[in-house]
Amino acid sequence: MKEKFELLVTDGPLKGARFQVDAKGVRLGRSSSCEIALQDPLLSRNHCLFEVRDGALWVTDLVSANGTAVNGKTLEAAPYRLSPGDQVQAGDTQLRILAEGGAAEAVPVETKIDLGLGKPESSRDIADVKKTSPVRYILWGVAAASLCTSVALFLVPPAPVTSDMTVAKDGSAATDDLISFSFEKVEANTESIYRYALVYDGKSLTVQIDDAKEGQGVNDRHVTKSMEVGKSAKNRLAAILGTADLHRLAREYVGVPLVPNTLQSVSIHVVRSLCVFDVSVENKEPPEKLRAVLEQLETFAKNEFGIWAMQYSVDKLIEMSAEARRAGDAKWDERDVQYGNIAAALKKYTEAKVYLDTVEPKPADYASLEMRRREVEAELERRFTEQRFNADRAIKMEDWESAKRELRVLCEMIPDQKDKRHHDAASQLRDIEVRK
């Protein structure tokens with residue numbers, strides 16, 4: 001028999017009312033489509049969601065304007081696991097959690113230890129992360145989770161649990177309105193943790209990035225940005241999350257970390273007007289359909305917020321910068337082999353610098369990178385000026401063959417067609433080539 005829970009309204013307009021929560025979930029908010037609909041100005045249209053998952057009751061704040069609190073603590077985007085007796089406050093309404101048929105008295109809550117990994121029992125405030133580095137606790141959890149996962153997979157391979165979702169008669173995903181979603185990606189090892197979260201509440205899109213290293217604190221990155229989502233952008237999000245058969249994926253995919261004491265996880269939770277589904281993946285490559293959706297969501301956020309580099313950890317950005325610099329060095333060393341190599345080197349050095357824009361403090365070799373980039377930029381301009389002089393001289397002398405040759409060199413030297421220097425040289429070359 002599946003566990004069921006009840007919500008008892010202990011304060012507010014519906015005081016005394018009870019609402020049963022099952023796998024379909026119960027939404028609370030001002031919208032008439034909510035199962036608990038209240039005309040409370042402090043509530044958002046879709047304020048919070050109650051769900052029963054794996055025999056437990058969870059509440060998710062749908063990034064409401066005034067927040068949802070459990071036992072006096074305001075939630076963030078992460079789902080919060082409830083226990084009988086917990087008090088939930090949303091606007092002027094207070095609810096107590098009861099087991100099905102239970103009395104209104106509070107039930108003692110079992111004390112639990114949070115190792116910091118897996119699905120959070122409560123949402124974590126960014127301010128709390130700033131005060132104390134979470135890495136130490138998370139690393140303990142990484143080791144424990146890795147050991148438990150390995151034993152569990154060896155003894156009893158987990159059976160796939162499919163997500164709950166309404167489907168059309170033809171078996172395709174329902175195309176109902178998108179209400180909200182949350183997406184979280186975590187990468188952790190024995191020295192650092194990186195978290196990227198994207199949350200949409202039906203009106204606003206919020207991105208949160210936490211990048212912390214053991215024993216630092218002052219160099220940790222904690223970024224939160226929000227923006228209102230227009231109709232066009234909402235339609236694009238709905239299209240991304242409406243991928244056919246996404247609801248057919250298992251609810252959980254768990255693997256063994258390739259590197260001991262590391263964690264890589266992604267999770268997504270989607271609420272639509274007719275369905276709710278969630279998928280989580282830990283220490284395993286996500287299914288192709290899910291990976292494609294997550295990549296599109298990250299690209300969407302990157303384009304909307306203009307902070308694409310922030311979706312990577314500091315270590316990853318430094319690694320990408322070093323790789324770009326090595327590619328630039330290779331082109332610079334061969335600058336006399338092909339005319340376009342200097343421009344190619346400049347592009348790679350610039351790319352290496354951009355990767356480090358959000359990294360503080362800068363790596364030790366940042367100053368030398370910038371010096372090399374300026375050196376290459378100056379050399380490209382010097383050679384271009386010299387080549388431009390040769391081309392102009394040939395044109396003035398009406399030496400058209402020489403002029404075409406010099407202009408082709410200019411186009412190779414500046415291969416970027418968006419560059420005005422390339423555009424001018426290419427236009428002149430076309431004019432000369434049509435001469436008889």
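S427 is partly exposed in this predicted model, with a relative accessible area of 22%. That value falls between the 20% limit for buried and the 50% limit for exposed, so S427 takes the middle label, partly exposed. S427 belongs to helix α9, which covers residues 420-433. L407 is 20 residues away from S427 in sequence, and their C-alpha atoms are 9.5 Å apart in space.

## The open sheet

Start with the strands. Six of them form an open sheet, and the pairing is antiparallel. The order across the sheet is β2-β1-β11-β10-β7-β8. Which strands stand at the edges? They are β2 (18-21) and β8 (73-74). Each has a single partner strand, so one side of each is left without a neighbour in the sheet.

Strand β1 spans residues 5-11. This strand is mostly covered, with five of its seven residues buried. On one side, β1 pairs with β11 (residues 93-99) in the antiparallel sense, over six bridges. Here F5 has A99 of β11 as its bridge partner. β1 also runs antiparallel to β2, and four bridges join the two. In this pairing, E6 has Q20 of β2 as its bridge partner. The hairpin of β1 and β2 has six residues between the strands. G12 in that hairpin takes a positive phi near 120 degrees.

Further along the sheet, β7 meets β10. β7 holds residues 68-70 and β10 holds residues 87-90. Three bridges link them, again in the antiparallel sense. V70 stands opposite V88 of β10.

One rule helps when viewing any sheet. In a regular strand, side chains alternate between the two faces of the sheet.

## The largest nonpolar core

Now look at the packing. The largest nonpolar core has 34 residues. Those with the most contacts inside it are F181, L198, I268 and L297. Several elements give two or more residues to this core: β12, β13, β14 (204-213), α3 (231-241), β17 (263-272), β18 and α4. Which element gives the largest share of this core? It is α4, with seven residues.

## Cavities

How many cavities of 30 Å³ or more does the structure hold? There are three. The largest cavity has about 70 Å³ of space. Its lining is made of T60, D61, L62, V63, A77, S180, F181, S182, V199, Y200 and H269. Three elements give two or more residues to this lining: β6 (56-61), β12 (178-188) and β13 (192-200). β12 gives the largest share, three residues. By type, the lining has six nonpolar residues, four polar ones and one charged one.

F181 links the two topics. This residue lines the largest cavity, and F181 is also among the residues with the most contacts inside the largest nonpolar core.

## Two residues with positive phi

Next come two backbone angles. N283 is not a glycine, yet its phi is positive, at about 50 degrees. N283 sits in the loop between β18 (275-282) and α4 (288-305). E398 also has a positive phi, near 55 degrees, and is a residue other than glycine. Its place is the loop between α7 (366-396) and α8 (400-413).

Is N283 buried or exposed? N283 is buried, because its relative accessible area is 13% and the limit for buried is under 20%. E398 is exposed, because its relative accessible area is 56% and exposed means over 50%.

## Cysteines

How many disulfides does the model have? The count comes to zero. C48 shows the spacing. The nearest cysteine sulfur to that of C48 belongs to C34, and it is 8.6 Å away. A disulfide needs the sulfur atoms within 2.5 Å, so C48 is in no disulfide. C48 counts as buried, at 1% relative accessibility. C411 is buried too, with a relative accessible area of 13%.

## Accessibility of selected residues

The table gathers the values given above.

| Residue | Relative accessible area | Label |
|---|---|---|
| C48 | 1% | buried |
| N283 | 13% | buried |
| C411 | 13% | buried |
| S427 | 22% | partly exposed |
| E398 | 56% | exposed |

Note on methods: Residues numbered from 1 in each chain as written. Predicted model: local features only at pLDDT ≥ 70, side-chain atom pairs only at ≥ 80, totals over all residues. Heavy atoms only, no water. Pairing = 2+ DSSP bridges. 1 Å grid on protein atoms, 1.4 Å probe; cavity = no way out; pocket = protein on both sides within 12 Å on 5 of 7 lines; lining within 4 Å. Points joined across faces, edges and corners; volume = space filled by probe spheres on them. Nonpolar A, V, L, I, M, F, W, Y, C, P; charged D, E, K, R; others polar. Buried < 20%, exposed > 50% of the residue type's maximum accessible area, 1.4 Å probe, protein only. Core = buried A, V, L, I, M, F, W, Y, C linked by side-chain atoms within 4.5 Å.
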